[in-house]
Amino acid sequence: MYVLAIIIGVCGGTVTASIEERHHVSLLGLPWFVSAVLIVFGVGVLVAAWQVRRYTTTEPRKRVELKTVTPERAVDTLILAKALALAGAVLLGWYAGELLMVVGRVQAPYYRTIVIECAVACVASLIDMVCGIIAEGFCQLPPSEGPENPKMKKMKRMKMDRGDRDRGVAWDADDGATSDRR
């Protein structure tokens with residue numbers, strides 16, 4: 001999915017560079033400030049995802065010490081992470097496409113500035129894409145200890161090999177004795 005997003009971005013960036021060249025409209029490059037904001041946003045999503053990860057991987061008794069993470073916040077963080085990764089991939093392709101179209105004219109001062117801006121934007125977009133992918137991984141729930149967990153299946157097999165069988169024993173509420181229901 002990310003490769004497809006990069007390819008779409010390269011096509012868009014190439015078309016933008018072609019339009020700029022034909023119609024002499026300044027559409028290329030990206031101001032430095034925007035690249036900095038992209039990196040700050042990526043780090044912010046990564047920090048939010050780290051908080052979700054810490055909360056989900058901490059023992060329930062110790063969660064009281066942590067800031068409470070609501071399910072809505074965790075889902076919102078996951079959505080932001082996915083959007084960040086995809087947007088980073090598209091922007092990486094976009095500015096790489098622009099860079100490829102103008103790199104041959106780097107000797108001209110105008111295009112030299114565009115090449116530098118596009119290179120910085122590519123790095124910022126790559127950072128965003130990587131932050132988004134990592135944050136998405138942080139938002140995954142740890143495996144449950146339910147009956148389908150491989151560890152639980154292995155423990156059940158070991159019990160069966162030892163001869164421990166589930167005998168369907170029920171507890172009698174009145175006297176505390178057990179009764180066998182076969």
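This report describes a predicted model of a protein chain, beginning with its overall make-up and moving on to a helix pair, one residue of helix 1 and a group of side chains.

**Overall make-up**

The protein chain has 182 residues, of which 29% are buried. It contains five helices and two strands. In sequence order the elements run α-α-α-α-α-β-β, with the helices placed ahead of the strands. Contacts between residues at least 6 apart in sequence can be sorted by their separation: 71% of them join residues at least 24 apart.

**Helix 2 and helix 3**

Two packed helices are described by the angle between their axes and the distance between the axes. Helix 2 covers residues 32-57 and helix 3 covers residues 71-102. Their axes come within 10 Å and cross at roughly 145 degrees. The crossing of helix 2 past helix 3 is left-handed. From helix 2, the residues that make the contact are L38, F41, G42, V45, A48, A49, Q51 and V52. Helix 3 contributes R73, A74, T77, L80, A81, L84 and L91. Sorted by class, this contact has 11 nonpolar residues, three polar ones and one charged one.

**A5 in helix 1**

A5 lies in helix 1, which spans residues 2-23. With a relative accessible area of 8%, A5 is buried, because buried means under 20%. Leaving aside residues up to four places away in sequence, A5 touches L86, A89 and V90. The C-alpha atoms of A5 and A87 are 8.1 Å apart, although 82 residues separate the two along the chain.

**Y110, Y111 and R105**

The count of aromatic pairs comes to two. One of them is formed by Y110 and Y111, whose rings meet edge-to-face. The ring centres are 5.1 Å apart and the planes stand at 75 degrees to each other. Y111 also has a charged neighbour: the charged end of R105 sits over the ring of Y111, 5.1 Å from its centre.

The two tyrosines fall into separate burial classes: Y110 is partly exposed at 36% relative accessibility, whereas Y111 is buried at 16%. Y111 is classed as buried because its value of 16% is under the 20% limit. The table sets these two residues beside A5.

| Residue | Relative accessibility | Class |
|---|---|---|
| A5 | 8% | buried |
| Y110 | 36% | partly exposed |
| Y111 | 16% | buried |

Key
Residues numbered from 1 in each chain as written. Predicted model: local features only at pLDDT ≥ 70, side-chain atom pairs only at ≥ 80, totals over all residues. Heavy atoms only, no water. Axes fitted to C-alpha atoms, helices over the stretch in contact; angles between N-to-C directions. Helix = DSSP H or I, 4+ residues; strand = E, 2+ residues; numbered from the N terminus. Left-handed = near helix turned anticlockwise from the far one by under 90°. Contact = heavy atoms within 4.5 Å. Nonpolar A, V, L, I, M, F, W, Y, C, P; charged D, E, K, R; others polar. Phe/Tyr/Trp six-rings, centres within 6.5 Å; stacked < 30°, edge-to-face > 60°. Buried < 20%, exposed > 50% of the residue type's maximum accessible area, 1.4 Å probe, protein only. Lys NZ or Arg CZ within 6 Å of the ring centre and 35° of its normal.
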